Amino acid sequence: MIEELTTTQPAGRSARQRLAGLRLRFRDPALEKAYRDDRFQHNLWNTRFAYLAGIGLWVGWGLLLRPYMLSIHDLQLDARLRFGVFIPLLILGLVFSYTKVYRRVWEWTSFAIAVATLAIWVVYSSKIFTLPAEYGYVGVILITAFTYTLLRLRLMLVALTALAGLAFYLPYAYTAKYVVPVSETLATLYIVSFGMLGCLSAYWIERFTRDLFLRQRELDQERTRSDGLLLNILPQAVVDQLKTSSGQRIAQRFDDVSVVFVDAVDSTAQAARATPEAFADSLDELFRWFDELADRHGLEKIKTIGDAYMAVAGAPVAMADHANAAVGMAMEINAGRESVRWPSGDPIKVRGGVATGPVVAGVIGERKFAYDVWGDTVNLASRLQEAADPGQVLIAARTADLVDRYGCGPARTVEIKGKGPTPVRALVDLPSAADARDAAAELDPS
């Protein structure tokens, strides 16, 4: 019996350890169902081809053998059963394979068609007198072979089909007076031998497909885990590009995005007053909250730098309303800043800066690589955050021109390191956290 594959099993466990016994079945019903669904998907077109091939063989063999049927009775019987029963059975199976019900009963349908064909074939071959007795058991062997070659039925169904062939044909062979003893012996020998070979083949095929299914599940689980880890450091759009880039450098230019920098004020002094674990817990809680807000407003987190948090709206996926999204996130952080506290109990004060403009973005490095954005827009957002007072968000003039959902104070000039006097505006009328969330919902109703 095949044992259930679980995440607690050792990674190096071999297929032989997972597969045991002749009853090929997973202990876990959910795993067994998943295997059968997967097997149906892989075998559907194979089964349809088997039906078509069967139809072709019935027609082809009928045309080849027709000159050797030397009586009108044989010719008429052959035509009636071949074109009135055998071929229509396969056509019905082929048509049925396009229905929704077929998914649940596809193996039993194929098995039923094979057994019905065997039963009718034995009656048919017993009535054909101008062909040798070998004609009967060769047909039984061919019909049985279809179940484990083209139809690829499970071992149990192949074994039942082989037994049905024996049960139908041998009583006829040993009771018909015109079947000589040597033909009886040959019929028994060939049907039993090919039946055993078919069962052995079906066993190894099913054993292999089940083991392959388990390995594929393991591979999918590892792939999902790897993708999850990758998505913790790279945006989804960039991960998709990496999978198709064939090792090429990923770099893009965006003409208009909005960059947000948020900094926790007085973190150095707070770190000196708290244990490392307590300080790290507070900062982790703060940045987890920032991550949640970035997702809500549609921003992409870029990185944390010490106690500063950087995110961008409009990259790597373009966003039409990036300025409102970036400002909305910054304002919601400010509105709810007292909900997160330092280990000392003091509320965490933040200051922020938002700038809008062109950037270059891409993935750099060979080890510990990361997605990053560069350009004057990034530098300006960082400088605005540094120039802001605690509890204040400064936005660049370009950002203020695009923002229509939030209030801005009058324009003023601030001395920015590396840029000199720079016109900026401060966000005013800070909303409550609930109001900020409502504004975010207006930007993205989903």
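Modeller: On a 1 Å grid over the protein atoms alone, a cavity is a set of points where a 1.4 Å probe fits but cannot get out, and lining residues have an atom within 4 Å of a point. This is a predicted model, in which local features need pLDDT of at least 70, side-chain atom pairs count only at pLDDT 80 or more, and totals for chains, interfaces and linings use all residues. Residues are numbered from 1 along each chain as its sequence is written, and side-chain values use heavy atoms, with hydrogens and water left out.

Biologist: What makes Val140 and Phe194 part of the lining of the largest cavity?

Modeller: A lining residue has an atom within 4 Å of a cavity point, and the residues that line the largest cavity are Val140, Ile141, Thr144, Ala162, Ile191, Phe194 and Gly195. Val140 and Phe194 are therefore lining residues.

Biologist: How do you know how many residues of that lining are nonpolar, polar or charged?

Modeller: Ala, Val, Leu, Ile, Met, Phe, Trp, Tyr, Cys and Pro count as nonpolar, Asp, Glu, Lys and Arg as charged, and the others, Gly among them, as polar. The lining therefore divides into 5 nonpolar, 2 polar and no charged residues.

Biologist: Why are S4 and S5 called paired?

Modeller: Two strands (DSSP runs of E, at least two residues) pair if DSSP finds at least two bridges between them. S4 and S5 (residues 370-374) have 5 bridges in the antiparallel sense, so they pair. One bridge joins Gly362 to Asp372 in S5. The two strands form a hairpin with 5 residues between them, and Gly365 in the turn has a positive phi of about 95 degrees.

Definitions and conventions. 1 Å grid on protein atoms, 1.4 Å probe; cavity = no way out; pocket = protein on both sides within 12 Å on 5 of 7 lines; lining within 4 Å. Helix = DSSP H or I, 4+ residues; strand = E, 2+ residues; numbered from the N terminus.
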